[in-house]
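Please follow this explanation with the sequence and the structure side by side. It begins at a single loop residue and works outward from there.

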There are 2 protein chains.
Amino acid sequence: MSAAGTAAVSPELEARYEAWRVRVEQALDQALPAETDWPSTIHRALRYSQFAGGKRIRPLLVLAAGEAVGGHPDELMPLCCAVEMIHTYSLVHDDLPAMDDDDLRRGKPTSHKVFGEAMAILAGDALLTRAFHLLAEAPRAWDAGRLRRRLDAMALLGAACGTTGLIGGQVEDLESEGKAIPASALERLHRAKTGALLSACVRGGALLAGADEAALVALGRFASAIGLAFQVVDDVLDATEGAAQLGKTAGKDAAARKATYVSVHGLDGARRMAADLLKEALEALEAFGPRAEALRGLGRLIVERRA
Amino acid sequence: MSAAGTAAVSPELEARYEAWRVRVEQALDQALPAETDWPSTIHRALRYSQFAGGKRIRPLLVLAAGEAVGGHPDELMPLCCAVEMIHTYSLVHDDLPAMDDDDLRRGKPTSHKVFGEAMAILAGDALLTRAFHLLAEAPRAWDAGRLRRRLDAMALLGAACGTTGLIGGQVEDLESEGKAIPASALERLHRAKTGALLSACVRGGALLAGADEAALVALGRFASAIGLAFQVVDDVLDATEGAAQLGKTAGKDAAARKATYVSVHGLDGARRMAADLLKEALEALEAFGPRAEALRGLGRLIVERRA
């Protein structure tokens with residue numbers, strides 16, 4: 001991210017993201033059992049995938065959305081950890097031989113290559129479980145308003161990860177392999193598979209920070225555009241970058257004859273689409289003023305990234 | 001259950017369980033998307049496993065524990081659905097080729113035999129996700145006390161399903177296959193794999209019904225004894241009953257050279273152990289009087305069941 005980031009956002013903003021990332025790493029470390037805790041195999045597997053060097057874009061979206069409505073990072077850290085654990089669980093399960101059958105992820109062998117298929121399935125299950133468990137652990141002193149916001153954020157996350165979100169998108173992805181699907185179906189697939197969780201990060205962060213309805217609607221528009229842009233850029237990168245750059249098998253969409261934004265709209269069309277979506281996303285943030293600067297920066301990083 | 005039930009509990013109690021089961025089936029039906037909802041494959045897979053004819057012992061434990069402390073079934077129904085979805089998810093994933101590789105469950109082909117491995121993995125993921133999602137959907141009018149109890153029940157469930165509960169038990173089960181393990185390790189394995197979720201049903205039901213600390217401790221003792229008894233009886237049945245009776249592959253513990261209560265304590269020793277655990281469980285309920293009659297009956301059904 002840093003290399004692309006230098007171009008997309010100011011050094012000051014990049015430094016703020018890095019400071020947030022450090023806090024998220026610490027919180028994730030505290031939220032997961034030690035490798036030596038019984039039963040140690042599964043805890044090694046959890047930590048192997050959770051600390052494999054992701055860019056933590058989802059927690060950053062939580063924090064930046066919270067900041068846009070005046071929230072404090074402490075209040076948002078459990079959601080930051082939960083969304084990142086859920087993202088990791090989805091990668092571990094998607095990489096399984098029965099699914100996308102990937103050997104390489106973020107430049108490292110995938111969980112099932114290292115720990116075996118059974119342990120990779122269980123590691124994904126455990127990360128998903130821990131995500132919700134962590135959010136359920138609310139401080140004893142909380143009043144009804146904070147308890148309610150926590151439950152609402154969990155409900156939002158549950159919907160984003162369910163069969164009309166993350167899981168539904170993966171089902172469609174598997175079922176559309178090798179088929180020519182129309183642009184509308186491709187958009188529905190990716191709104192579910194990628195967009196729903198990214199949107200839950202933005203709306204969930206704002207919700208926990210006490211955003212009003214108007215702010216949630218505007219942030220929802222931002223999230224929707226950015227979520228789609230994320231996948232469009234992913235497809236462009238898969239078609240144009242090498243494995244070393246991506247840290248995963250490159251060109252595999254074409255090899256698997258998957259419908260992508262590049263196969264449907266062409267390379268130039270996909271690039272233009274990403275730029276239009278970024279413009280739409282930034283317009284949705286106009287009313288927030290300088291407090292949304294970190295969120296704007298993440299929008300630019302998502303669209304202008306190189307990996 | 002009915003055939004064994006006639007011996008273990010009164011017809012009146014059996015009729016009450018059946019009425020509870022009907023309510024749980026309805027609530028589960030409402031809590032899961034329709035088969036025709038997009039994406040339909042996963043919804044068919046969810047419903048195939050969720051409505052494969054389980055005995056619903058876990059929701060019954062939730063309701064009976066709630067009743068023992070004066071709770072109302074309406075308040076407990078989301079937890080009833082959640083624990084049953086989690087139980088089903090664990091069966092679907094345990095049956096996968098990479099895990100126990102089972103073709104038959106409750107007398108029907110397992111999920112991966114019908115829908116394929118990828119869909120079975122995703123169906124399990126979806127049931128786990130929906131369980132927590134459902135619990136997060138709390139009525140708008142709730143006060144701080146009820147919101148707090150809901151979050152506490154979710155935390156309890158999260159711990160029971162995590163790496164020191166359900167998932168940890170399955171890890172140990174896989175890793176102990178073909179090994180002679182000591183009795184203490186066998187007990188730890190089953191307290192995690194089976195006992196933790198059963199205990200969360202009893203304690204979670206009581207917690208949602210507003211039980212005080214003393215009641216929770218006593219119910220915890222009941223749950224702990226019953227949870228262990230459940231697995232001891234499972235091992236006895238696997239060693240003595242046929243596949244037609246069990247609705248799953250019989251004698252496979254011995255075939256897989258798994259350590260069981262029968263292999264460690266012998267058939268008579270295991271039977272005696274189950275009877276002692278039932279006695280211990282019933283003693284823990286003495287202070288509750290007639291309100292715990294449904295819970296006592298479930299204890300007897302668990303130990304005296306034939307399948």
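In this predicted model, G53(A) counts as exposed, because there are 10 C-beta neighbours inside 10 Å, and a residue is called exposed when 12 or fewer other C-beta atoms lie within that distance. G53(A) belongs to the loop between α3 (40-50) and α4 (57-68) of chain A. Its C-alpha is 13 Å in space from that of E18(A), a residue 35 places away from G53(A) in sequence.

Another loop of chain A, the one between α2 (11-31) and α3, holds P39(A). The peptide bond that joins W38(A) to P39(A) is cis, with omega about -10°. In chain B, the bond from W38(B) to P39(B) is cis as well, with omega near -10°, and P39(B) is placed in the loop between α2 (11-31) and α3 of chain B.

Two further loop residues deserve attention for their backbone angles. R106(A), in the loop between β1 (104-105) and β2 (108-109) of chain A, has a phi near 50°, which is a positive value in a residue other than glycine. With 15 C-beta neighbours inside 10 Å, R106(A) counts as partly exposed. In chain B, D101(B) is not a glycine either, yet its phi is positive, at about 50°. D101(B) is located in the loop between α5 and β1 (104-105) of chain B, and it is partly exposed, since 15 other C-beta atoms lie within 10 Å.

From these loops we can step back to the chain as a whole. Chain A contains 15 helices and two strands. Its radius of gyration is 19 Å, close to the 19 Å that the globule rule gives for 307 residues, so chain A is as compact as a globular protein of that length. Along the principal axes, the C-alpha atoms of chain A fill a box of roughly 55 × 50 × 35 Å. Of the 307 residues in chain A, 55% are buried. When contacts in chain A between residues at least 6 apart in sequence are considered, 73% of them join residues at least 24 apart.

How do individual helices take part in the buried interior? Helix α5 (residues 73-94) of chain B has 22 residues and spans 30 Å from its first C-alpha to its last, close to the 32 Å expected at 1.5 Å a residue. This helix, α5(B), is mostly covered, with 19 of its 22 residues buried. Helix α11 (residues 213-240) of chain B offers a single residue to examine, F222(B), which is buried because 28 other C-beta atoms lie within 10 Å. Apart from its neighbours within four places in sequence, F222(B) is in contact with V202(B), A281(B), A284(B), L285(B) and L295(B). One of these partners, L285(B), is 63 residues away along the chain, while its C-alpha is separated from that of F222(B) by 6.8 Å.

In soluble globular proteins, nonpolar side chains tend to be buried together. Here the largest nonpolar core has 211 residues, and A123(A), A229(A), A123(B) and A229(B) touch the most other members. If residues up to four places away in sequence are not counted, A123(B) touches I42(B), A45(B), L46(B), S49(B), V92(B), S111(B) and F115(B).

The last step is the meeting of the two chains, a contact that takes 43 residues from chain B and 43 residues from chain A. On the side of chain B that touches chain A, the elements that give two or more residues are α3 (40-50), α7 (117-136), α8 (144-161) and α9 (166-176) of chain B. The largest share of that side, 12 residues, comes from α7(B). By residue type, the side of chain B that touches chain A divides into 24 nonpolar, 10 polar and nine charged residues.

What relation do the two copies have? A rotation of 180°, with 0.0 Å of shift along its axis, superposes chain B on chain A with an RMSD of 0.0 Å, and that is the relation of a two-fold axis. A144(B) comes closest to the rotation axis among the residues of chain B, with its C-alpha at 2.1 Å. Because 100% of the interface residues of chain B are also interface residues in chain A, the copies meet through the same surface.

Conventions: Residues numbered from 1 in each chain as written. Chains lettered and ligands numbered in written order. Predicted model: local features only at pLDDT ≥ 70, side-chain atom pairs only at ≥ 80, totals over all residues. Contact = placed C-beta atoms within 7 Å. Helix = DSSP H or I, 4+ residues; strand = E, 2+ residues; numbered from the N terminus. Nonpolar A, V, L, I, M, F, W, Y, C, P; charged D, E, K, R; others polar. Least-squares fit on C-alpha atoms with pLDDT ≥ 70 in both. Rg over C-alpha atoms; globule rule 2.2 N^0.38 Å. Buried ≥ 20, exposed ≤ 12 C-beta atoms within 10 Å, placed from the backbone. Expected span 1.5 Å × (residues − 1). Core = buried A, V, L, I, M, F, W, Y, C linked by C-beta atoms within 7 Å.
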